[in-house]
Amino acid sequence: MKDLAGKTALVTGGGAGIGRCLCLAFAEEGMNVVIADREIERAHAVAKEVMSAGVQAMAYRCDVTDADAVRELSDAAFAMFGEINLLCNNAGVVQSGPLAEAPLEDWEWVFKVNLGGVVNGIRAFVPRMKQQGGGHIVNSASLSGMFALPGFGIYTASKYAVVAISETLRIELERDGIGVSVLCPGPVHSRIDETTRVRSAVERDFVNGPPPLDLRNPEDTATAVVEAVKANRQYIYTHADGVIGTQMRFKEILADFAFAP
């Protein structure tokens, strides 16, 4: 989707962090923007910023874990703009702690948002995008969707799932003229830190200590997304150093094929 001007984007979790910067970056490209967020005040604030770029905006309160609410979001967005050309399933949360000790509530919470939010977005928007004749989808995963990190097992599992869904969806929707990208950022200044669940002082030190990669600005992430959508790239990265962990993982995967019967 090389020309974004005049088209419409919808961003879940659009009220802050990477989501807000995505909304502003799309507006700068001349796109109308639907800002969906659980906190409607944040969505309205971003909508004002978007409109200052001379495009239209709609703020909408939506909990992405609620399938009915996401369908209602889809109804409202299509009713106002007629088409949604770019869907960003961006809302997410993070949880940390030893995997084997994690209560079921942690699994349910992380998967309802990180995975369920993507699934609900796909189910609510893809059929209509097919009918309109094309578009593009960006699902937010993480570098943790490419290789595992100790202390973030549940988060990593949810992001591995988002990567797999995105890869499959890209193959399935190519004939419909719909591109699919998966955003795999490393550490980025974002309000996702406010959703972190930590269960001990030791784990808290681990989470709040120096990140393994440089902490980047969300504006740079948004710029990378715009470029990737225009080029229809499958994977969107923010940290070139992330290749090290990915290479290590796939090296181990390929090495063990030697033992396959």
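Student: What makes Leu254 count as exposed?
Tutor: Leu254 has a relative accessible area of 57%. The cut-off for exposed is over 50%, so 57% qualifies. Leu254 belongs to helix α8, residues 243-255. Its C-alpha is 29 Å from that of Gly97, and the two are 157 residues apart in sequence. Do keep in mind that this is a predicted model.

Student: How confident is the predictor, and where is pLDDT under 50?
Tutor: The protein chain has a mean pLDDT of 91, and 91% of its residues reach 70 or more. Over residues 192-211, though, pLDDT stays under 50. The model has 38 contacts beyond four places in sequence for that stretch. Where pLDDT is low, the predicted coordinates should not be read in detail.

Student: How do you know that Leu169 is buried?
Tutor: The relative accessibility of Leu169 is 8%. Buried means under 20%, so Leu169 falls in that class. You will find Leu169 in helix α5. Leaving aside residues up to four places away in sequence, Leu169 touches Ile122, Ile137, Asn139 and Val180. Thr246 is 77 residues away along the chain, with 22 Å between its C-alpha and that of Leu169.

Student: Helix α5 brings me to its partner. Why is α4 called roughly parallel to α5?
Tutor: The angle between α4 (residues 104-132) and α5 (residues 153-173) is about 15°, and their axes are 9 Å apart. Angles under 35 degrees count as roughly parallel, so α4 and α5 earn that label. Their crossing is right-handed.

Student: Which residues in α4 and α5 meet?
Tutor: On the α4 side they include Asp106, Trp107, Phe111, Ile122 and Lys130. On the α5 side, Ile154, Tyr155, Ile165, Leu169 and Leu173 are among them.

Student: What about α3 and α4: what makes α3 roughly parallel to α4?
Tutor: Helix α3, residues 67-81, crosses α4 at roughly 30°, and the axes come within 7 Å. The limit for roughly parallel is under 35 degrees, so 30° is inside it. This crossing is right-handed. Contact is made by residues including Ala67, Val70, Leu73 and Phe78 of α3 and Asn120, Ala124, Phe125 and Gln132 of α4.

Student: And why is α1 called oblique to α7?
Tutor: Helix α1 (residues 17-28) and helix α7 (residues 218-231) pack at about 50°, with axes 8 Å apart. Roughly parallel ends under 35 degrees and roughly perpendicular runs from 65 to 115, so an angle of about 50° goes with the rest, as oblique. Here α1 passes α7 in a right-handed crossing. Among the residues in contact are Gly17, Cys21, Leu22 and Phe26 of α1 and Pro218, Thr221, Ala222 and Val226 of α7.

Student: How many disulfides does a search of the whole structure find?
Tutor: The number is zero. Take Cys23: the closest cysteine sulfur is in Cys88, 8.0 Å away. A disulfide needs sulfur atoms within 2.5 Å, so Cys23 is too far for a bond. For Cys184 the closest cysteine sulfur is again in Cys88, at 14 Å, and that too is beyond the limit.

Student: Are Cys23 and Cys184 buried or exposed, and which value tells you?
Tutor: Cys23 has 0% relative accessibility and therefore counts as buried. Cys184, also at 0%, counts as buried as well.

Student: Let's turn to the loops. What makes Ser96 count as buried?
Tutor: Its relative accessibility is 1%, and the class takes values under 20%, so Ser96 counts as buried. Ser96 sits in the loop between β4 (86-89) and α4. Computed along the sequence, Asp106 is 10 residues from Ser96, and their C-alpha atoms are 9.2 Å apart.

Student: Why is Gly151 called partly exposed?
Tutor: The relative accessible area of Gly151 is 27%, which lies between the 20% and 50% cut-offs, so partly exposed is the right term. Gly151 is in the loop between β5 (135-140) and α5. Gln95 is 56 residues away in sequence, yet the C-alpha separation is 8.7 Å.

Student: Which class does Asn232 belong to, and what is its phi?
Tutor: At 34%, Asn232 is partly exposed, between the same two cut-offs. Its phi is positive, about 55°, although Asn232 is not a glycine. Asn232 is found in the loop between α7 and β7 (235-237).

Technical notes: Residues are numbered from 1 along each chain as its sequence is written. This is a predicted model: local features need pLDDT of at least 70, side-chain atom pairs count only at pLDDT 80 or more; totals for chains, interfaces and linings use all residues. Side-chain values use heavy atoms; hydrogens and water are left out. pLDDT is the predictor's confidence in each residue, from 0 to 100. Contact means heavy atoms within 4.5 Å. Buried means under 20% relative accessible area, exposed over 50%, partly exposed in between (1.4 Å probe, protein chains only). Axes are lines fitted to C-alpha atoms, for helices over the stretch in contact, and angles run from 0 to 180 degrees between N-to-C directions. Helices (H or I, at least four residues) and strands (E, at least two) are DSSP runs, numbered from the N terminus. Angles under 35 degrees count as roughly parallel, over 145 as roughly antiparallel, 65 to 115 as roughly perpendicular and the rest as oblique. A crossing is left-handed if the near helix is turned anticlockwise from the far one by less than a right angle, and right-handed if clockwise.
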